[in-house]
Amino acid sequence: GALTVSAPGAVSLTSATNAFGAVTVSTAPSALSLTNTRDILQGNTWTLGNAAVTLDAGTNNITLDRSGNTFGVLSLTGKNATVLESAATTLGATALSGNLTATSTGGISLGATTGVAGNAALNAADLITQANGAKLTVGGDLSPTTTHTAGKLAIDNRGAARNVPRG
């Protein structure tokens with residue numbers, strides 16, 4: 001069944017046998033860590049401010065596609081992940097065996113090692129940045145898109161499994 005989170009403190013439900021449906025957050029926790037043997041889906045918009053969110057869906061999908069979402073650092077493990085955030089987005093340690101689509105009304109920062117076996121689409125209204133030492137590995141196509149009007153795109157691909165092709 002569905003899971004409702006209502007706690008002002010940190011919430012950690014990380015048993016490898018968890019099997020819950022859509023997650024509704026009624027009171028924002030200070031941090032949220034969930035492991036699920038099924039897809040991780042939203043039952044409502046998650047307005048978590050700066051609360052760190054760690055989601056592990058195993059071989060399943062993570063879908064955070066509600067308008068108005070806000071998270072702190074977002075760390076993801078699963079197959080495919082779709083993220084929509086109505087603020088700047090920071091990806092923490094992320095390991096996906098499929099594709100990543102991240103859309104932000106602010107910038108997108110790769111704050112830790114991000115590994116995507118499939119395609120990665122990063123769509124931001126501001127800068128797309130990569131923290132010093134944060135590795136980005138994409139097995140398929142990398143599609144960064146920003147509506148920011150000044151500057152340039154820089155991707156440090158040292159140590160990654162595949163080079164970014166010149167086009």
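The following exchange takes up the labels given to parts of this predicted model and the values behind them.

Reader: What makes W46 and F71 an aromatic pair, and why is the pair called edge-to-face?

Author: The ring centres of W46 and F71 are 6.4 Å apart, and the limit for a pair is 6.5 Å, so the two rings qualify. Their planes stand at 85° to one another, and because an angle over 60 degrees counts as edge-to-face, that is the term used here. The structure holds one such aromatic pair.

Reader: Why is it said that the pair links distant parts of the chain?

Author: W46 belongs to the loop between strand 5 (40-41) and strand 6 (52-56), whereas F71 belongs to the loop between strand 7 (62-64) and strand 8 (73-78), and the two residues are 25 residues apart.

Reader: How do you know whether W46 and F71 are buried or exposed?

Author: The relative accessible area of W46 is 0% and that of F71 is 4%; buried means under 20%, so both residues carry that label. W46 is also, with L55 and L76, one of the residues that touch the most other members of the largest nonpolar core, which has 35 residues. Strand 15 (residues 120-124) gives the most to this core, with three residues.

Reader: What does L76 touch, once residues up to four places away in sequence are set aside?

Author: Its contacts include L55, I62, V83, L91 and A93.

Reader: Why is A93 called partly exposed?

Author: A93 has a relative accessibility of 48%, and since buried means under 20% and exposed means over 50%, the value falls in between and A93 counts as partly exposed. A93 is placed in the loop between strand 10 (89-91) and strand 11 (94-96), and, leaving out residues up to four places away in sequence, A93 touches S75, L76, A112 and T113. From C-alpha to C-alpha, A93 lies 9.1 Å from V73, although 20 residues separate the two in sequence.

Reader: Why does N18 count as buried?

Author: The relative accessibility of N18 is 18%, and because the limit for buried is under 20%, N18 falls within that class. N18 sits in the loop between strand 2 (10-13) and strand 3, and its side chain reaches the backbone oxygen of T35 at 3.1 Å. Apart from neighbours within four places in sequence, N18 is in contact with L13, T35, N36 and T37.

Reader: What makes the side chains of strand 1 alternate?

Author: In strand 1 (residues 3-6), L3 and V5 point to one face and are buried, while T4 and S6 point to the other face and are not buried.

Reader: How do you know that strand 1 and strand 3 pair?

Author: Pairing requires at least two bridges, and strand 1 and strand 3 (residues 23-27) have four bridges in the parallel sense, so the two strands pair. Within strand 3, V23 is the bridge partner of L3.

Reader: Why are strand 5 and strand 18 placed at the edges of the open sheet?

Author: The open sheet has six strands in the order 5-7-9-12-15-18, with parallel pairing. Strand 5 and strand 18 (142-146) each have a single partner strand, so one side of each is left without a neighbour in the sheet. Strand 5 is joined to strand 7 by two bridges, and as at least two are required, the two strands count as paired; L41 has T63 as its bridge partner in strand 7.

Conventions
Residues are numbered from 1 along each chain as its sequence is written. This is a predicted model: local features need pLDDT of at least 70, side-chain atom pairs count only at pLDDT 80 or more; totals for chains, interfaces and linings use all residues. Side-chain values use heavy atoms; hydrogens and water are left out. Rings of Phe, Tyr and Trp (its six-membered ring) pair if their centres lie within 6.5 Å; planes under 30 degrees apart count as stacked, over 60 as edge-to-face and the rest as tilted. Buried means under 20% relative accessible area, exposed over 50%, partly exposed in between (1.4 Å probe, protein chains only). A nonpolar core is a set of buried Ala, Val, Leu, Ile, Met, Phe, Trp, Tyr and Cys residues joined through side-chain atoms within 4.5 Å. Contact means heavy atoms within 4.5 Å. A polar contact is a pair of N or O atoms within 3.5 Å; within protein, one must be able to donate a hydrogen and the other to accept it, and residues adjacent in sequence count only if both atoms are side-chain atoms.
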